[in-house]
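Me: I would like to learn how to read a model like this one. Please take me through it feature by feature.

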2 protein chains.
Amino acid sequence: MRNDKAPTMADIARKTGVSPMTVSRAFKSGSLISKDTRDAILKAAEELGYVFDSTASNLRSQKTDFIAVTIPSINNANFADTVGGLSETLSARGFQILLGYTNYDVEEEERLIEQLLRRKPQAIVVTGGKHTPRARRLLENASVPVIETWDVPAEPIGHFVGFSNADAVRSMVDHFVAAGYRRIAFIGGDASRDTRGSDRRLGFIAALANHGLDASRLIDAGVPPISMREGANAMARLLAEFPDTEAVICVSDLSAFGALTECQRRGVPVPGRIAIGGFGDYEIGGICVPALTTIDAQARQIGERTGRLILDLLDDRPDVPHVTIEPRLIVRDSSR
Amino acid sequence: MRNDKAPTMADIARKTGVSPMTVSRAFKSGSLISKDTRDAILKAAEELGYVFDSTASNLRSQKTDFIAVTIPSINNANFADTVGGLSETLSARGFQILLGYTNYDVEEEERLIEQLLRRKPQAIVVTGGKHTPRARRLLENASVPVIETWDVPAEPIGHFVGFSNADAVRSMVDHFVAAGYRRIAFIGGDASRDTRGSDRRLGFIAALANHGLDASRLIDAGVPPISMREGANAMARLLAEFPDTEAVICVSDLSAFGALTECQRRGVPVPGRIAIGGFGDYEIGGICVPALTTIDAQARQIGERTGRLILDLLDDRPDVPHVTIEPRLIVRDSSR
DNA sequence: TTGAAAGCGCTAACAT
DNA sequence: ATGTTAGCGCTTTCAA
């Protein structure tokens with residue numbers, strides 16, 4: 001039934017009585033070709049079941065339409081939103097996103113970056129501003145734009161679209177302090193892995209110090225990503241170890257929700273007995289009871305701005321190399 | 001500083017004093033080459049900042065290491081789990097997943113399939129068993145394995161790894177009926193879009209009919225995917241339109257959780273006044289209070305089995321063409 | 001508007 | 001264990 005070898009442009013050319021070059025032109029929009037010829041070619045292509053071969057096109061033209069992207073985890077609504085914004089902006093222009101997951105590990109990120117660069121993407125987007133020395137070198141040597149996101153890197157490799165995680169948490173600490181809370185704790189992950197998470201923890205410590213408050217109420221919830229369950233377990237430990245705690249800030253809304261459920265199971269009133277803050281403005285924080293005070297990091301906007309930056313760069317339009325996003329504090333019932 | 005044109009194998013060959021073919025061999029594992037030669041080549045490559053060009057390799061060898069995958073949405077933990085299982089199984093063998101989002105739309109799926117096939121993937125995995133006629137034709141003509149997932153297609157194109165959404169919901173209806181509930185409602189999305197969601201709705205109707213019960217308590221929660229918020233709104237309408245309802249099955253745990261929060265805001269006891277069931281065994285269903293009765297569709301296992309199926313096919317190992325997954329009913333406090 | 005020639009960077013196939 | 005030759009399917013470049 002079906003031929004073993006797929007038809008090529010040469011086959012279409014033969015069938016239509018034109019040269020392969022004309023067939024090639026028929027598939028490119030905006031190329032000089034008569035309407036009749038193009039129609040005949042497209043018809044022949046459909047009849048033959050022709051599928052354009054990007055592989056060959058990419059090699060000959062020495063460019064692909066790939067944009068490489070690394071994110072810590074596929075299963076995270078924040079990063080999914082960023083990729084969604086990026087994808088929407090870029091796929092309108094025919095770019096295809098090549099996605100890789102680092103699993104919150106810079107070693108894995110290094111492997112991934114190397115693998116992705118072999119595909120000759122037109123740009124590479126990474127999450128975070130901390131990398132292994134070799135990963136950094138690979139990115140520096142890449143002859144395509146590099147965009148770091150979700151962070152304000154100490155030494156940007158190229159461009160970045162992000163925000164200071166520490167500053168964002170500071171704004172939440174300020175809110176809690178202004179609301180009268182003094183004994184404030186932090187629930188976060190193992191410091192060595194998720195750099196954005198550790199930045200939040202450091203921001204928490206600095207902000208408390210700034211207010212002259214004790215910053216030793218730190219609960220380590222495990223290896224990132226911190227799940228709802230781990231948030232719940234951490235809350236149990238917090239209540240045991242620091243029973244007089246008045247408020248707790250969690251590294252994400254997911255762990256914050258887990259912590260909230262632990263209070264519900266124990267009959268601990270939130271915010272009456274303890275107030276809770278999250279991070280990331282996940283959907284759950286807006287709908288759970290009580291709704292969670294959180295930081296909207298504008299995940300989708302990060303993706304959109306990154307996408308637009310890439311288009312500007314590829315179109316040789318003047319660009320702003322560094323885009324700083326302003327996270328917004330959202331105060332909800334869990335802290336008032 | 002950096003040369004404008006990237007170094008190729010020919011450059012390494014020149015620098016090392018071997019032929020380009022030997023350089024090629026140095027990068028392939030398990031090829032006949034002396035350790036000294038390989039070491040020298042890899043060293044030269046590192047010095048030159050060489051990056052392997054998959055583009056050229058793919059064209060010459062007429063094979064890529066892409067596996068194309070379409071999922072309805074990037075922002076869904078169930079599909080993320082499937083992709084995670086797939087990714088883990090396949091990336092161990094050096095495959096790279098090419099991911100596309102259909103946004104729950106078969107027209108978009110058609111465009112996506114065409115775009116993905118141009119990349120010459122070694123296999124294509126699609127979510128669902130319903131496609132446009134043209135998408136079906138594209139898949140049938142693709143000279144690579146096609147695997148439909150998350151469904152048991154009426155007419156499979158090639159292979160499938162999935163389960164019957166209707167049967168899964170039936171098992172939940174049976175549980176509710178056995179537990180004594182009679183006036184049971186369904187909250188789901190617009191029937192025309194999410195085919196798995198409509199299958200669940202149809203399964204609900206058939207199962208109630210089977211028990212001789214009224215199956216007219218159907219709340220349309222909007223266009224898929226149904227958010228937590230839409231679940232909450234749907235619960236509000238359910239309580240208004242069918243105030244004597246004793247139990248409700250929601251198209252997913254997310255909408256079920258939204259529905260639960262609406263009850264919490266109104267002081268409606270769950271399950272005392274109304275029982276709730278979800279679908280998908282999302283993390284939230286296991287930790288919220290009360291925890292949600294749900295169906296575990298084994299999302300991750302779907303991905304893993306699909307990955308192993310692909311490896312079997314590509315290695316010419318004998319395979320089982322159709323894999324049926326058994327969803328498991330999980331009974332929790334929301335229905336007892 | 002169309003065609004002819006050449007070649008992108010790698011590797012299959014064959015040779016030594 | 002290494003080398004030589006040719007060519008994958010397109011598109012750049014130049015010509016008509």
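Reply: Start with one polar contact to DNA: a backbone N or O atom of B:Met9 lies 2.7 Å from a phosphate oxygen of DNA strand C. A polar contact is a pair of N or O atoms within 3.5 Å; within protein, one must be able to donate a hydrogen and the other to accept it, and residues adjacent in sequence count only if both atoms are side-chain atoms.

Me: What ground rules apply here?

Reply: This is a predicted model, where local features need pLDDT of at least 70, side-chain atom pairs count only at pLDDT 80 or more, and totals for chains, interfaces and linings use all residues. Residues are numbered from 1 along each chain as its sequence is written, chains are lettered from A and ligands numbered from 1 in the order in which they are written, and side-chain values use heavy atoms, with hydrogens and water left out.

Me: Which other polar contacts reach DNA strand C?

Reply: Among them is a phosphate contact: a backbone N or O atom of A:Ser19 is 2.9 Å from a phosphate oxygen of strand C. Another involves a base. A polar backbone atom of B:Ala56 lies 3.4 Å from a base nitrogen of that strand.

Me: How many residues surround DNA strand C, and which are the closest?

Reply: A residue is near a strand if one of its heavy atoms lies within 4 Å of it. Here 25 residues surround DNA strand C, and A:Thr22, A:Thr37, A:Arg60, B:Ser24 and B:Tyr50 are the closest. Now look from the DNA side. Of the strand C atoms within 4 Å of the protein, 64% belong to sugar or phosphate and the rest to bases.

Me: Which helices supply the surface near DNA strand C?

Reply: Helices (H or I, at least four residues) and strands (E, at least two) are DSSP runs, numbered from the N terminus. H2 and H4 of chain A, with H2 and H4 of chain B, each supply at least two residues of this surface. H4(B) gives the most, with four residues.

Me: How does the surface near DNA strand C divide by residue type?

Reply: Sort residues into three classes. Ala, Val, Leu, Ile, Met, Phe, Trp, Tyr, Cys and Pro count as nonpolar, Asp, Glu, Lys and Arg as charged, and the others, Gly among them, as polar. The surface near strand C has 10 nonpolar, nine polar and six charged residues.

Me: What surrounds DNA strand D?

Reply: Around strand D there are 25 residues, and A:Ser24, B:Thr22, B:Arg25, B:Thr37 and B:Arg60 come nearest. Sugar or phosphate accounts for 59% of the strand D atoms within 4 Å of the protein, and bases for the rest. H4(A) supplies the largest share of the surface, four residues.

Me: Which polar contacts reach DNA strand D?

Reply: Three are worth checking. A backbone N or O atom of B:Ser19 is 2.9 Å from a phosphate oxygen of strand D. The side chain of B:Gln62 has an N or O atom 3.1 Å from a phosphate oxygen of strand D. In the side chain of B:Arg25, an N or O atom is 2.5 Å from a base oxygen of strand D.

Me: What rotation relates chain A to chain B?

Reply: Copies are superposed by least squares on the C-alpha atoms of residues with pLDDT of at least 70 in both. A rotation of 180° with 0.1 Å of shift along its axis puts chain A on chain B, with an RMSD of 0.1 Å. That is the relation of a two-fold axis. The same surface serves both copies: 100% of the contact residues (heavy atoms within 4.5 Å) of chain A recur in chain B.

Me: How do I read a helix such as H11(A)?

Reply: Check its span, its burial and its ends. The expected span is 1.5 Å times one less than the number of residues. H11(A), residues 253–266, has 14 residues and reaches 20 Å from first C-alpha to last, close to the 20 Å expected. Buried means under 20% relative accessible area, exposed over 50%, partly exposed in between (1.4 Å probe, protein chains only). In H11(A), 10 of the 14 residues are buried, so the helix is largely enclosed by the rest of the structure. Those buried include A:Phe257 and A:Leu260. A:Ser252 caps the N-terminal end, with a side-chain oxygen 3.2 Å from the backbone nitrogen of A:Leu254. After the helix comes A:Gly267, whose phi is positive, near 70°.

Me: Is B:Asp296 buried or exposed?

Reply: B:Asp296 counts as buried, at 12% relative accessibility. B:Asp296 lies in strand S10 (residues 294–296) of chain B. A polar atom of the B:Asp296 side chain is 2.7 Å from the backbone nitrogen of B:Gln298.
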